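Visitor: I would like to learn how to read a surface feature together with the aromatic contacts around it. Could you take me through one case step by step?

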Amino acid sequence: MGKGGAGTEVAAIERAMVAMRRSIGRRTLARLAGAEGAPAGGAEFDVLDVVEAAEEAGEPVGVRGVADALRVDQPRASRLVASAVAAGWVERRAHQTDGRRAPLAVTSEGRAVLEQAHGFRRAAVERVTAEWSEDELAVFARLFTRFVDGFGELRRP
């Protein structure tokens, strides 16, 4: 199964993944954001992140896409989207050819909240990596992105 002598490194990565999952599960960033006056996050942020990513990819997303991205059932995704709409961060648009579909779009208020959230998240990463060299940061960015992309590929049929 493995990479020969890399068992120790793979085990260390697995332990780090578990620790990160626990931290994310406890909404550590959201709590820190709230304590520092940044947007506190929550379910609306999850929807906002999904819609932003879809817009950046040029692929319209609706409730079903949000459900798939967040790994929740469609009724839960519908409630999350309704909450993001009520917050004024996301809006439903009319589909050009299918009246049953409503692609989602980030509003100007949502865009402002995203910019604030991105700034806060980047500042957190900068604090964590403050003692790293530019080379270490570049290697980590490349490898971590590759690692996360690899996990994304595991989800595909």
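**Aromatic rings and a nonpolar patch**

Guide: Since this is a predicted model, let us start from a simple relation in sequence: F140 and F144 both belong to helix α7 and are four residues apart, which is about one turn of the helix.

Visitor: How many aromatic pairs does the structure hold, and what is the geometry of the one formed by F140 and F144?

Guide: There are four aromatic pairs in the structure. The pair formed by F140 and F144 is stacked, with 5.2 Å from centre to centre and 10° between the planes, and planes under 30 degrees apart are what counts as stacked. These two residues, together with W132, form one aromatic cluster, and W132 itself is placed in the loop between α6 (108-128) and α7.

Visitor: Are F140, F144 and W132 buried or exposed?

Guide: The general idea is that buried means under 20% relative accessible area and exposed means over 50%, with partly exposed in between. F140 has 40% relative accessibility and therefore counts as partly exposed, while F144, at 33%, is partly exposed, and W132 is partly exposed with a relative accessible area of 33%.

Visitor: Which nonpolar patch on the surface includes W132, F140 and F144, and which helices supply at least two residues of the patch?

Guide: The patch also includes I13, M17 and M20, among others, and its residues together have about 970 Å² of accessible area. Both α1 (7-25) and α7 (134-155) supply at least two residues each, and the largest share, seven residues, comes from α7.

Note on methods
Residues numbered from 1 in each chain as written. Predicted model: local features only at pLDDT ≥ 70, side-chain atom pairs only at ≥ 80, totals over all residues. Heavy atoms only, no water. Patch = residues over 30% accessible without salt bridge, like charges linked within 9 Å, V, L, I, M, F, W, Y side chains within 5 Å. Areas by Shrake-Rupley, 256 points an atom, 1.4 Å probe, with all protein chains shown as cover. Salt bridge = Lys/Arg side-chain N within 4 Å of Asp/Glu carboxyl O. Buried < 20%, exposed > 50% of the residue type's maximum accessible area, 1.4 Å probe, protein only. Phe/Tyr/Trp six-rings, centres within 6.5 Å; stacked < 30°, edge-to-face > 60°.
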